[in-house]
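Visitor: Could you walk me through this model? I'd like to start with its surface.

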Amino acid sequence: MRQAVQTVIRKQILTAFFAAVCMGSMGSAARGSEAVAVPRERVLLDDGWRFHKGDASEKAGLLYDVRPAVKDYRSDVAADAKPQDAEKADAASIQVLKPWILPTGNAFIKDPARRHMRPSAEPLGEIPYSKNDYDDAGWRKINLPHDWAIEGPFIVEGDFGGMGRLPTAGIGWYRKKVEIPASDSGKSIFLEVDGAMSYAAVWLNGHLVGGWPYGYSSWRVDLTPYVKFGGENQLAVRLDNPPASSRWYPGAGIYRNVWLVKTQPVRIAQWGTFVTTPKVSRESATIALQVVVENASKEKIEASVETEIFEVDARGEKTGSAVARIKKATTTIDPAASTEVKGSVVLANPKLWGPPPTQQPHRYVAVTSVASDGKVTDVCETCFGIRSVRFDANAGLIVNGEHIRVQGVNQHHDLAALGSAFNVRAAERQLEMLRELGCNAIRMSHNPPAPELLELTDRMGFLVMDEAFDVWVRKKTPLDLHLIFPDWHEQDLRAMVRRDRNSPSVILWSVGNEVGEQYTGEEGAKVAKELRDIVREEDSTRPITASANFAKPNMPFPAVFDVISLNYQGEGIRDTPMFANTDRVRTPPLYDAFHEKFPGKMIWSSETASTLSTRGAYLFPVTPDNSSPIRAGMGGDEQHHVVSAYELYAVDFGKSPDKVFAAQDQHPFVAGEFVWTGWDHLGEPTPYYSSRSSYCGIIDLAGFKKDRFYLYQARWRPELPMAHILPHWTWPERVGQVTPVHVFTSGDEAELFLNGKSLGRKKKAQYEYRLRWDDVVYEPGTLEVVAYRDGKKWATDTMKTAGAPARLEAQADRTQIAADGRDLSFVTVRIVDVNGRVAPRADNRITFSVEGPAEIVATDNGDQTSFEPFPSPQRNAFNGLCLAILRAKPGASGKVILKAASPGLDPATLEIETR
């Protein structure tokens with residue numbers, strides 16, 4: 001009899017194999033066979049929403065909670081300013097949504113006594129926008145992910161530069177009708193939201209279901225009590241994005257994917273699978289699996305759990321037959337309860353996950369089925385990688401037995417001209433360019449990322465520092481996370497870890513960035529310990545850290561954590577004489593001091609450099625030092641808000657790449673760095689807070705490489721023959737004037753020529769990372785550099801004086817894209833002279849138009865001071881370059897013709913195919 005039941009179960013597993021996906025695994029939804037009840041459905045719910053800004057009335061009571069009055073909206077506070085104590089809000093006697101929202105997080109509160117009871121009454125009475133019969137025909141039709149602020153217009157005046165000068169603040173409502181058939185009766189129905197900014201509240205059929213305040217968390221609400229089975233159901237989601245709530249552009253709206261999930265009463269819990277590999281070698285690996293099974297029925301049940309393991313190809317799809325099976329386990333579960341089932345298996349000759357180029361990111365998928373009474377009730381796919389990671393205090397990071405130098409960058413969550421609305425192709429493009437740079441690691445600054453971003457880092461083999469918070473109890477802006485941290489830190493943190501802990505790219509958890517608790521001694525360390533312990537309860541396999549820009553070795557804060565993550569302190573902060581009499585944070589170089597105090601802990605720099613520059617803009621004179629702060633006439637132009645692209649100028653608390661490289665090379669125990677930042681991002685426009693976007697990226701906001709790209713590439717890809725000259729060589733007003741020439745190269749020496757005449761051959765000295773010819777007198781013509789390595793010719797580069805702009809040239813990153821309404825083509829337009837040389841200072845106005853089944857989503861040029869709305873099809877070039885982003889219309893394949901035109905210049909035409 002047992003064998004017969006097992007045969008039936010196995011057949012049901014095969015027919016329902018793709019009927020279910022658990023979040024945190026493969027990320028796709030599939031249909032099951034009609035021969036058996038579908039164990040789980042996960043339906044993407046992104047299309048066909050209606051959107052409206054503002055509430056129906058000014059009626060009080062829709063606030064999540066009472067907020068303190070904002071007295072100062074100024075956002076140009078230095079990035080390393082000391083956080084402040086929270087202000088107490090006026091406890092006004094108004095009804096708030098908090099009592100109805102808090103219960104949503106109960107599954108992530110460990111102590112049952114601290115969980116929240118939902119009030120018995122509905123709040124507020126009639127909320128027009130939540131009602132089934134409300135006529136929303138006049139609302140805007142949109143598809144998710146959606147960022148309501150990115151279209152602008154920019155807020156040109158006022159103190160809003162820190163948040164990107166875009167209209168993020170305000171109320172937004174989203175409505176969608178969802179058909180739920182009568183055949184789903186008896187199932188649980190959930191709405192899963194990957195991210196909504198912020199203070200989300202969800203109604204179904206006029207009933208407040210729940211919500212989640214932290215805009216970066218992924219969460220779900222249980223719709224089941226309010227569902228009308230066999231009919232139409234009205235979803236309504238309200239977001240309330242406060243002003244003065246962030247130090248960077250937070251975005252606005254439901255900016256990640258939304259899913260409708262249907263499960264049987266006996267099921268795997270949300271993010272309820274956890275795969276670990278406690279023993280790993282080239283010969284074998286132990287794969288251990290924990291599965292939390294829930295029983296939402298009213299009866300005690302017996303359930304079995306069985307798992308098969310398959311290889312996954314480069315596209316993330318299962319291949320071949322099972323390579324291993326975890327033995328079936330049976331358990332008994334009380335009604336409205338859950339239990340954890342554990343199992344393991346040894347896999348011979350595993351394919352290991354590791355970072356390229358020396359390793360490959362191989363992956364596997366565990367297909368776990370739950371059965372009860374001979375029927376499969378749930379199937380969950382969990383994608384994972386087999387790898388060993390060791391954090392060595394002296395050797396650094398060891399992955400699968402190989403020392404891996406951490407060559408990382410920090411990345412904010414916005415996707416430039418697309419805003420915060422997550423797009424897989426846009427994120428993939430960013431990672432592809434970072435891979436070209438030689439980057440192998442990403443710090444998610446300073447919040448949990450979109451799940452699809454981790455799918456990309458898993459697939460591409462990036463190492464990830466996954467981060468939860470920028471703020472704890474003490475505030476950085478008046479209405480930031482500190483308002484909800486006391487009530488929500490446990491739920492937010494457990495949700496992040498459970499969602500992301502199967503991702504092989506995640507090698508370490510960070511619970512905070514430059515938090516104010518660094519300054520409060522044992523009191524702050526107590527908060528740090530609580531967060532550390534929460535993470536350890538969810539995942540004991542990865543170390544935990546928080547990034548410190550103030551805490552010193554003798555303070556209690558760094559002692560709490562497993563890895564020492566330093567922001568700028570390793571190289572020193574404001575440690576030059578010009579800052580001697582300032583009241584800002586000043587720190588001598590501290591790598592040695594931390595290493596001596598914590599000899600058993602690995603050290604790395606979670607933020608380095610913060611070098612600032614405007615792509616293609618060069619200011620004179622050039623500092624003779626290898627690093628300089630920015631001032632008027634010293635790398636900075638106060639009138640035009642430009643920072644010199646000689647890549648020597650940094651924010652006051654930062655350093656040039658040259659100085660960072662030297663500090664790390666003098667301290668070989670340092671595991672590596674995360675540069676601030678990989679790409680420019682919206683907001684945080686230090687040093688000019690009248691601008692829209694940051695100056696700190698290695699790549700500008702449009703995706704155009706700054707000169708700094710090649711300085712990092714020379715260091716991070718030393719095997720790549722390359723040489724790069726800066727600045728450009730089109731300076732008619734500088735004839736006869738000294739115009740320094742710098743060369744970035746992976747060679748060890750180089751000779752520079754101007755119009756065929758040698759200007760000398762130079763060799764890099766110890767702790768020198770660029771070659772400088774600072775006394776070159778400008779004359780038009782040709783600069784050429786010949787780089788050498790070990791005395792042999794290695795690489796060359798040429799820079800020629802350009803003539804007047806003559807025509808446009810267009811080039812797409814991809815000329816074939818999917819006709820799914822989401823795939824993108826990024827088109828670069830260059831302004832060139834008659835010889836095809838880029839006119840490096842051209843700012844001609846360009847008009848884009850498109851014929852065929854595609855649309856222009858956005859344009860950009862990388863200029864931090866530009867307030868042209870991103871959706872505009874017209875834009876000035878900036879220093880010779882401009883970008884257009886095309887998206888195919890869903891379901892419409894065919895030929896697309898993009899045209900770029902500018903008065904007085906020959907136009908450019910580009911053909912793209914949608915499939």
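Guide: The accessible surface of the chain comes to about 33,900 Å², and carbon and sulfur atoms account for 50% of that area; accessible areas come from the Shrake-Rupley method with a 1.4 Å probe, and for residues only the protein chains shown count as cover. This is a predicted model, in which local features need pLDDT of at least 70 and side-chain atom pairs count only at pLDDT 80 or more, while totals for chains, interfaces and linings use all residues. Residues are numbered from 1 along each chain as its sequence is written, and side-chain values use heavy atoms, with hydrogens and water left out.

Visitor: What share of the residues is buried?
Guide: Of the 915 residues in the chain, 62% are buried, where buried means under 20% relative accessible area, exposed means over 50%, and partly exposed lies in between (1.4 Å probe, protein chains only).

Visitor: What radius of gyration does the chain have, and what would a compact globule have?
Guide: The chain has 28 Å, which agrees with the value near 29 Å for a compact globule of 915 residues; the radius is taken over C-alpha atoms, and the globule rule is 2.2 Å times the number of residues to the power 0.38. Along its principal axes, the C-alpha trace spans about 90 × 60 × 60 Å.

Visitor: How many helices and strands are there?
Guide: The chain has ten helices and 49 strands, taken as DSSP runs (helices H or I of at least four residues, strands E of at least two) and numbered from the N terminus.

Visitor: Switching to the backbone, which peptide bonds are cis?
Guide: One is the bond from M197 to S198, with omega near 0 degrees, and S198 is found in the loop between β5 (188–193) and β6 (200–204). Another joins P356 and P357, where omega is about 10 degrees, and P357 is placed in the loop between β15 (337–348) and β16 (363–372).

Visitor: And where is D373?
Guide: D373 is in the loop between β16 and β17 (375–384), and has a positive phi of about 55 degrees although it is not a glycine. Most residues other than glycine have a negative phi, and most peptide bonds are trans.

Visitor: Is D373 buried or exposed?
Guide: D373 is exposed, with a relative accessible area of 77%.

Visitor: What about N879, buried or exposed?
Guide: N879 counts as buried, at 15% relative accessibility. N879 has a positive phi of about 50 degrees without being a glycine, and is found in the loop between β46 (874–876) and β47 (881–888).
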